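Trainee: Please take me closely through a single part of this model, beginning with whatever overall figures are needed to place it. I would like one connected account rather than a list.

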Amino acid sequence: MGERVMRKLDLSEWAHVAEIAGTIGVVVSLLMVVYSLERNTVSVSGSGVNEIYDGMREIQVAVLTDRELLEIIVQGREDPESLTTAERMAYETWVAIHLDRWDRLHNRESEGLIDREASAPWHGFFREWTRRYVSREQWRQWKWGWPVGSFQAQVEAVLDH
């Protein structure tokens, strides 16, 4: 059998091998960067959605622990004209906190910080909440607090249906 002789690579051939290895390293590095960016995007979006959830949870706990506030909310929903001035202010503040949460969700989504797929259920919740607790007349009085036209249009679209 013939003996196989391995020849040594010359400098130019070693340069080609190094170039191929370097290219592979760059491709692997870019793939890792893409993966890291995707994970970071998911993390940021999840954090934004958690912020909305945590805020809503705080509101619910406050209502559950304050019987008077709960009664004001019920009365404000059923017969807002019967509220005293102080009760009306409490009701309006409670409504404003919810609308602020929805506005914040809308802003985070438009900034690309919350994925639309993750925010869709929250939009559904806020649309239904708005139908239950905000009348067209109340919105006319309150909308000055949300000067961004796109959010006003979002609320008005809900109230029109």
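**A close look at helix 3 and its surroundings**

Mentor: Among the contacts in the protein with a separation of 6 or more, 64% are between residues 24 or more positions apart. This is a predicted model, and its protein contains six helices and zero strands, so that the order of elements from the N terminus reads α-α-α-α-α-α. Of the 161 residues, 27% are buried, while the accessible surface amounts to about 11,300 Å², with 58% of that area belonging to carbon and sulfur atoms.

Within that setting, the part to examine is helix 3, which runs over residues 85–110. Its 26 residues reach 36 Å from the first C-alpha to the last, close to the 38 Å expected at 1.5 Å a residue. The buried residues of helix 3 include the aromatic side chains of Tyr91, Trp94 and Trp102, together with Val95, Leu99 and Leu105; the list also holds Arg101, Asp103 and Glu109, as well as His98 and His106. Just after the helix, Gly112 adopts a positive phi of about 80°.

One neighbour of helix 3 is helix 2 (residues 67–78), whose axis lies 9 Å from that of helix 3, the two packing at an angle of about 90°. Because that angle falls within the range of 65 to 115 degrees, helix 2 counts as roughly perpendicular to helix 3. On the side of helix 2 the contact is made by Ile72, Ile73, Gln75, Gly76 and Arg77, and on the side of helix 3 by Glu87, Ala90, Tyr91 and Trp94. Sorted by class, these comprise five nonpolar, two polar and two charged residues.

Tyr91 and Gly76 appear again when one turns to Gln138, a residue of helix 5 (residues 136–142). Leaving aside residues up to four places away in sequence, Gln138 touches Gly76, Pro80, Tyr91 and Tyr133. Gln138 counts as buried because its relative accessible area is 11%, under the 20% limit. Although Gln138 and Pro80 are 58 residues apart along the chain, their C-alpha atoms are separated by 9.4 Å.

Tyr133, another residue that Gln138 touches, is itself among the buried residues of helix 4, as are Trp122, Phe126 and Trp129. Helix 4 covers residues 116–133, and its 18 residues should span 26 Å at 1.5 Å a residue, which agrees with the 25 Å between its end C-alpha atoms.

Note on methods: Residues are numbered from 1 along each chain as its sequence is written. This is a predicted model: local features need pLDDT of at least 70, side-chain atom pairs count only at pLDDT 80 or more; totals for chains, interfaces and linings use all residues. Side-chain values use heavy atoms; hydrogens and water are left out. Helices (H or I, at least four residues) and strands (E, at least two) are DSSP runs, numbered from the N terminus. The expected span of a helix is 1.5 Å times one less than its number of residues. Buried means under 20% relative accessible area, exposed over 50%, partly exposed in between (1.4 Å probe, protein chains only). Axes are lines fitted to C-alpha atoms, for helices over the stretch in contact, and angles run from 0 to 180 degrees between N-to-C directions. Angles under 35 degrees count as roughly parallel, over 145 as roughly antiparallel, 65 to 115 as roughly perpendicular and the rest as oblique. Contact means heavy atoms within 4.5 Å. Ala, Val, Leu, Ile, Met, Phe, Trp, Tyr, Cys and Pro count as nonpolar, Asp, Glu, Lys and Arg as charged, and the others, Gly among them, as polar. Accessible areas come from the Shrake-Rupley method with a 1.4 Å probe; for residues, only the protein chains shown count as cover.
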